[in-house]
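Subject: Structure for you to look through

Dear colleague,

Here is the structure I promised to hand over, and below it I have written out what was found. Please read the notes with the model open beside you.

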Amino acid sequence: MGTAPPPRSRRQSLAVTILLAGAVLALDLSVPLGVAGGVPYVAVVLVSLRSPDPRLPIRTAVLCSVLTLAGLLLSPSGGVVWMVLANRTLAVFAIGVTAVLGTRWQEASQEMAKQQLRLAEVSRVNMAGELASGIAHELNQPLASVLNYAEAASLAVRRGEVSPEKLLKDLQSIADGAELGGQILRRLRGFLAHRPIERSPHNINALVREAMSLLSSERKQLSIDMQIRIPATLPRVMVDPVLIQQVLVNLARNAIEAMQDSETKQLVIRAAQHDSEDVEIAIEDSGKGPERPDIETLFEHFVSTKPEGLGVGLAISRSIVEAHGGHLTAERNPYRGMTFRFTLPPVDAAPSAEG
Amino acid sequence: MVAEEEREPIAFIVDDDEGVRQSIRRLFDEVSMPALEFGSANDFLEAYDPDQPGCLLLDIRMPGMSGTELQRTLLEREIFLPIIFITGHADVALAVECMKLGAFDLIEKPFRAQRLLDTVHQAMAKDREDRALRTWVAEAKRRFSLLTNREREVVDLAVTGLTNREISEELGITSQAIDAHRSKAMWKVGVMRVTDLVRLSDLANR
Ligand SMILES: Nc1ncnc2c1ncn2[C@@H]1O[C@H](COP(=O)(O)OP(=O)(O)OP(=O)(O)O)[C@@H](O)[C@H]1O
Ligand SMILES: [Mg+2]
């Protein structure tokens, strides 16, 4: 796994900008371009836009304008004076417009990043509300049954017609109900840790391998054949690593559980980038496939076909992926099993972390 | 009228959660209340004989056909078994909808035994009354269908309290003819007194 280059610092940006401006001035002075000598300064302004300092582009524009006019005085080249003057003024104009538009564009994209974070927060809040109501429902079941057995037993005692065996059975049922309630809470605990999303650039390959190591005992037990096919050329993704690994674990665990009774047990994890847009990660299994005709319903909270499944894995995974600005979808494979795909923003496209 | 042999009412429990279902069953066993369990709305629909009195304990939220959907299906099939909804979470909107559709009551999980048993008894009593009323209405309609149009006209006016003279003016026939029609009609529907005729006509017009 390669290490991330640190985000470009203010001082670095300033140095690069000044250096470039100097180079353009040298070029302007040494090559007899005459009228057009000021135009490359636009490139300097563009480069300065990448600095974290929001004032640098405007300052650079001022510096470049001064240098453009200075070049006119220092340059030995001749020509019709008013024409050269007009051209230099045009160059200054271009530099100014580039700086203003660039700054505006930067502000807009920062605003967009903020909005996206806010959206993610909203979807977390919704998720929390839905989860709370679902948990209430799940916990009410064992509570109701505990209460019913307790009441039935006390009715029996009150009527004076109670055998120790019958009472024992009721008490056993009560204990079972209480235990079930505890189990539900335990399964939920991992999902409930609330914390803000913290994104940073991460290597997909490393994320996937780390997440899969968490499932190694399950994989060994069922002798699952796992393949990870992730090209080394993929850009890194802007993610909260803990949350994305949670998604990977949820999806892979589902895949493994679906292959429990299958003859071929193949788990393939791929990643690819289409048209330099979002990076797509696919988890493909050779399991029994979806048991419900409408695949979309699998993403609802508390939809499960497993005896001790809670049915929150996919719902939570989708919320997490959407909070990162991606999508999580599922499809039935043509031959057997299912493929779940989700997208993540690559480092370039993601709103900058310092926003 | 032939009194139908009374069938013993049964409490039907429809809930996808086996633990809850069995614990309710245990409660009913303790008070010797006949009960049957079903794990899904469809299982119940397939097994239920509409002539079986009792009441239905129904979970609102179930995979497959939900409790509310079962309620609608029963209404469409004109099955009026009283429904007591049991809900695991306070979904107010859903609860209001169920009550609007005529649910007997709604109980939130977890609940005290007394609350459930009282409600079940009330629902069963209501079911018994409703069934008796429906039998009477059907019987009254059947008897009234034996009347000729003219007899029906005379009876309809007579039960509103009009005198013979007023009826004869209204229908343009003699008072003796009206007497004859009315006695024939009362004989046909099997009542001796006008007050009984009024009651029966009331049922037949429901
Ligand atoms: N790879 C898969 N192949 C076939 N069915 C799947 C697959 N992944 C999910 N499913 C179906 O979707 C349902 C919901 O999955 P989800 O992960 O949300 O819940 P769960 O696995 O049942 O329980 P848990 O909350 O403990 O993860 C599963 O019960 C299963 O029926
Ligand atoms: Mg799962």
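A polar contact, as the term is used here, is a pair of N or O atoms within 3.5 Å, and within protein one of the two must be able to donate a hydrogen and the other to accept it. Please keep in mind throughout that this is a predicted model.

With that meaning in hand, we can turn to the place where the two chains touch: between chain B and chain A there are 7 residue pairs in polar contact, counting pairs in which both residues have pLDDT 80 or more. On the chain B side, the elements that contribute two or more residues to this surface are α1 (18-30) and α5 (113-144), and of these α1(B) gives the most, with 8 residues. If the residues on that side of chain B are sorted by character, they divide into 9 nonpolar, 5 polar and 6 charged.

The contact as a whole draws 20 residues from chain B and 21 residues from chain A. The size of an interface is often expressed as the accessible area that is lost when the parts come together. Here the area buried between chain B and chain A is about 1800 Å², and carbon and sulfur atoms give 53% of it. Salt bridges also join the two chains, 4 of them in number, and one salt bridge that you can look up is formed by the side chains of A:K166 and B:E30, at 3.6 Å from N to O.

Over all chains, the structure holds 31 salt bridges. Among them is one inside chain A, where the side chains of A:E257 and A:K306 meet at 2.5 Å, N to O. This pair links distant parts of the chain, since A:E257 lies in helix α8 (residues 241-258) and A:K306 in the loop between β5 (279-284) and α9 (313-323), 49 residues apart.

Within chain B, strand β1 (residues 10-14) runs parallel to strand β2 (residues 35-38), and 4 bridges join them; B:I13, for instance, stands opposite B:E37 in β2(B). The chain passes from β1(B) through α1(B) to β2(B), and this β-α-β crossover is right-handed.

Two details of the backbone remain. The peptide bond between B:K109 and B:P110 is cis, with omega about -10°, and B:P110 sits in the loop between β5 (105-108) and α5 of chain B. In chain A, A:S223 has a positive phi, near 40°, although the residue is not glycine, and A:S223 is placed in the loop between α7 (216-221) and β2 (225-229).

With best wishes

How values were computed. Residues numbered from 1 in each chain as written. Chains lettered and ligands numbered in written order. Predicted model: local features only at pLDDT ≥ 70, side-chain atom pairs only at ≥ 80, totals over all residues. Heavy atoms only, no water. Contact = heavy atoms within 4.5 Å. Buried area = accessible area lost by both parts, 1.4 Å probe. Polar contact = N/O pair within 3.5 Å; in protein donor to acceptor, adjacent residues only side chain to side chain. Nonpolar A, V, L, I, M, F, W, Y, C, P; charged D, E, K, R; others polar. Pairing = 2+ DSSP bridges. Right-handed = clockwise from strand over helix to strand, strands pointing away.
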